[in-house]
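Trainee: I am new to this structure and would be grateful for a close look at one part of it. Could you take me through the packing of a pair of helices, and then place that pair within the chain?

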Amino acid sequence: MPRETTGQWVTSVAGGEPVRAFVPYPLPPDPPLVLDAARQQRLEQALLALGRLDAIAALLPEPDILLYAYVRQEAVLSSQIEGTQSSLSDLLLFELDQAPGVPFDDVVEVSNYVAALEHGMARLAEGFPLCNRLIRELHEKLLARGRGAGKAPGEFRTTQNGIGGTRPGNAVFVPPPPQEVERLMGELERFLHTENGPGALIKAALAHVQFETIRPFLDGNGRVGRLLIAFILHHEGVLRQPLLYLSLFFKRHRAEYYRLLDAVRTSGDWEAWLDFFLEGVALTAQTAVATAHRLLELFAADRARIVPLGRAAPTVLRLFDVLRHRPVANIKLLAEQSGVSFATAARAVHTLQQLGIVREITGRARERVFAYGAYLDLLAQVDEA
């Protein structure tokens, strides 16, 4: 039996005018998803790619290096979908208390995303359940500073919102009325904890659409919805570290992403969405594995250039190890984290410059900032590929 819709349209009021708002039915879909042979194969390919990603993360001698880079790259990409102009370099400069090259509010939004992601990882690591309380905590971190600070951080909305248009009355999509949000989010939470439900990947695919349809917050729904995917896969044990981030895939295929979300709501086409989602998971996981290998090759090659330096090598290697963890740094930070004096760190940085491993990025004579250029270039290539 085909699905004609995945919810019902009701009348709501926004800005003093009546609007048609969409209220989704609870998950899972009814009738159940059609998992034919082709779709089952896509599911298996996506799971295999995730398994490879999880394996390489487990085998890395320092998995926190990859996590540090990926968390920040994801923060940049997810925020760019919402219109910010920050780059990874802007974020790293901001974290170093240096002025970024973009408006302050842009980089604050990206920094908030990092804080939300790291907060979620810490909470799950301490055994806290993936629940609405945690989702509200993520939202509170996300809107703690900057443009969204006045839009009820950490609280489900109590007014009607909409997507697109100049006013709610001509919005492209109007989510459920505010009085329905608490109930709908409760149903979503129960689905997340269903023991005999679909596997983790399908659960993440369905939950993402449901969250994007409910849009329980006044602002930041897209970013929280994308975070939810990584946290579901981590919480379900598919990934030991939440290393799968789909923002780049969604950004590259934005029109198709929104079309498929709308097709779920209007015609009940969960299967087309699932196909798109599984393709994104497989491609993103494969790219992450390739990037991890390239990072390891880069670190090994640059280390091999330092080792022949003789007596200077041990000190230069200590600074190089700091740069692998913090690819944008000033001499003060490098000295503190490597345990050497400022003068010794400055000499080592000069050596790294001569080797072409670091470059100065401010153009200033004092309070200079150095970047591990090839590292940042490698991550930028992932975005542009």
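Mentor: What follows begins with one helix pair and then moves outward to a salt bridge, the loops and the domains. Please keep in mind throughout that this is a predicted model.

The pair consists of helix H3, residues 88–95, and helix H4, residues 104–125. Their axes are 10 Å apart, and the two helices pack at an angle of about 80°. An angle from 65 to 115 degrees counts as roughly perpendicular, and H3 and H4 are therefore described as roughly perpendicular to each other. On the H3 side, the contact is made by Asp90, Leu91, Phe94 and Glu95. Helix H4 contributes Phe104, Val107, Val108, Val110, Ser111 and Val114. Sorted by class, the contact of H3 with H4 has seven nonpolar residues, one polar residue and two charged residues.

Helix H4 also takes part in a link to another part of the chain. The side chains of Glu109 and Arg147 meet in a salt bridge, with a distance of 2.7 Å from N to O. In general, side chains of opposite charge can pair when their charged atoms come close. Glu109 lies in helix H4 and Arg147 in the loop between H5 and H6, so the pair ties together parts that are 38 residues apart in sequence. The structure holds 23 salt bridges.

The loop between helix H5 (132–142) and helix H6 (178–192) deserves a further remark, as Ala152 is also found there. Ala152 has a positive phi of about 50°, although this residue is not a glycine.

Another loop, between strand E2 (17–24) and helix H1 (37–59), contains Pro28. A cis peptide bond joins Leu27 and Pro28, with omega about 0°. Pro31 is placed in the loop between E2 and H1 as well. Asp30 and Pro31 are likewise joined by a cis peptide bond, and omega is again about 0°.

Finally, the wider setting may be considered. The chain is divided into domain 1, covering 7–289, and domain 2, covering 308–382. The C-alpha centres of domain 1 and domain 2 lie 35 Å apart. Their contact takes 16 residues from domain 1 and 16 residues from domain 2. Between them, the two domains bury about 1,400 Å², of which 61% is on carbon and sulfur atoms. Within domain 1, the residues that lose the most area to domain 2 are Ile65, Tyr68 and Leu96, which together account for 33% of what that side buries. As for salt bridges, the count between domain 1 and domain 2 is zero.

Definitions and conventions:
Residues are numbered from 1 along each chain as its sequence is written. This is a predicted model: local features need pLDDT of at least 70, side-chain atom pairs count only at pLDDT 80 or more; totals for chains, interfaces and linings use all residues. Side-chain values use heavy atoms; hydrogens and water are left out. Axes are lines fitted to C-alpha atoms, for helices over the stretch in contact, and angles run from 0 to 180 degrees between N-to-C directions. Helices (H or I, at least four residues) and strands (E, at least two) are DSSP runs, numbered from the N terminus. Angles under 35 degrees count as roughly parallel, over 145 as roughly antiparallel, 65 to 115 as roughly perpendicular and the rest as oblique. Contact means heavy atoms within 4.5 Å. Ala, Val, Leu, Ile, Met, Phe, Trp, Tyr, Cys and Pro count as nonpolar, Asp, Glu, Lys and Arg as charged, and the others, Gly among them, as polar. Domain bounds come from an automatic or database domain assignment. Buried area is the accessible area (1.4 Å probe) that two parts lose on being put together, summed over both. A salt bridge is a side-chain nitrogen of Lys or Arg within 4 Å of a carboxyl oxygen of Asp or Glu.
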